[in-house]
Amino acid sequence: MKIATFNINGVNRRLSNLLAWLRAASPDAVCLQEIKCRDREFPHAELAAAGYGAIWQGQGPHHGVAILVRDGEPIETRRGLPGDPNDREARYLEAAVNGVLIGCLYLPNGNPQPGPKFDYKLAWFARLITYAAELETAGVPVVFAGDFNVVPTDADIYAMRSWKDNALVAPEPRALFALLVERGWTDALRVLHPDEPMYTFWHYLRNAWDRDAGMRLDHLLLSAPVRERLEAAGVDRWVRGAANASDHAPAWIDLRD
């Protein structure tokens, strides 16, 4: 089973890009972030015509997540990350797909920091860690896939000097990401590509794409039962180079049946 994550940065604005990638890559399940549309505006008919069933949670021009399944329908299991009943932002959606629980997430950016947005980022991440522990204790096969808005280490960014005050590289979220890995969650891209940058994001500014001035923000974290099935992982960089592209490229894993 091929599972991918893709921050589409506006699903309707980049629908042709998304459909072209789906045709070329044929992922079995896809987690989308920043769909940036209301629920009624989500292009489910076009995706169904391309062979993908979907669930989604929109939030107008901000945020929003979706899960697509090829030749099937995702079975929704959760909408919203537990732990804060007052959190209404569309950042977490979960579904069962072919025996795997897939959590599609869009972790808060956290800028500017320090400040309330950064505090929200850390609190959201802490809730994710608590929920991950519950799933791990239950022995559930889980893939957390999405835009974590965290550059885990200096090896995951082209140059630290330009970003040293940014929440994406701040020590606190980096420590929380490391804590998940220490507790047994496998960073699929890094474990199979220990010495490669594996960038997934290139800013629109300063010719970042042309200079390959990227960073790794999009991750697939696997619980122990899924780790044993991991065969391959990669980034479809070519998607970022297309006209009208998102500033992210899809990241993906292949799991043995």
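Biologist: What makes Tyr106, Asn109, Asn149, Leu168 and Phe201 stand out in the lining of the largest pocket?
Modeller: Of the 17 residues that line the largest pocket, these five lie nearest its centre. A lining residue has an atom within 4 Å of a grid point, and a pocket is an open set of points on a 1 Å grid over the protein atoms alone, with protein on both sides within 12 Å along at least five of seven lines. This is a predicted model, where local features need pLDDT of at least 70 and side-chain atom pairs count only at pLDDT 80 or more, while totals for chains, interfaces and linings use all residues. Residues are numbered from 1 along each chain as its sequence is written, and side-chain values use heavy atoms, leaving out hydrogens and water.

Biologist: How does the lining of the largest pocket divide by class?
Modeller: Five of its residues are nonpolar, eight polar and four charged. Here Ala, Val, Leu, Ile, Met, Phe, Trp, Tyr, Cys and Pro count as nonpolar, Asp, Glu, Lys and Arg as charged, and the others, Gly among them, as polar. The largest pocket has a volume of about 300 Å³, and the second largest has about 210 Å³. Among the 15 residues lining that second pocket, His63, Glu89, Arg91, Asn109 and Lys117 lie nearest its centre.

Biologist: What makes a space a cavity, and how many of 30 Å³ or more are there?
Modeller: In a cavity a 1.4 Å probe fits but cannot get out, and the count comes to one. The largest cavity has a volume of about 50 Å³, with Tyr158, Trp163 and Phe201 among its lining residues. Strand E10 (201-202) and helix H6 (208-211) each give two or more residues to that lining; helices are DSSP runs (H or I) of at least four residues and strands (E) of at least two.

Biologist: How do you know that the length of H4 fits a helix?
Modeller: H4 (residues 171-182) has 12 residues and reaches 16 Å from its first C-alpha to its last, close to the expected 16 Å. The expected span is 1.5 Å times one less than the number of residues.

Biologist: Why do the buried residues of H4 line one face?
Modeller: Pro173, Arg174, Leu176, Phe177 and Leu180 are buried, meaning under 20% relative accessible area, against over 50% for exposed and partly exposed in between (1.4 Å probe, protein chains only). Seen down the axis, the buried residues fall within an arc of 160°, so they line one face of H4. The face turned away carries the exposed Pro171 and Glu182.

Notes. Grid points are joined across faces, edges and corners, and a volume is the space filled by probe spheres set on the points. The arc is that of the directions from the helix axis to the C-beta atoms.
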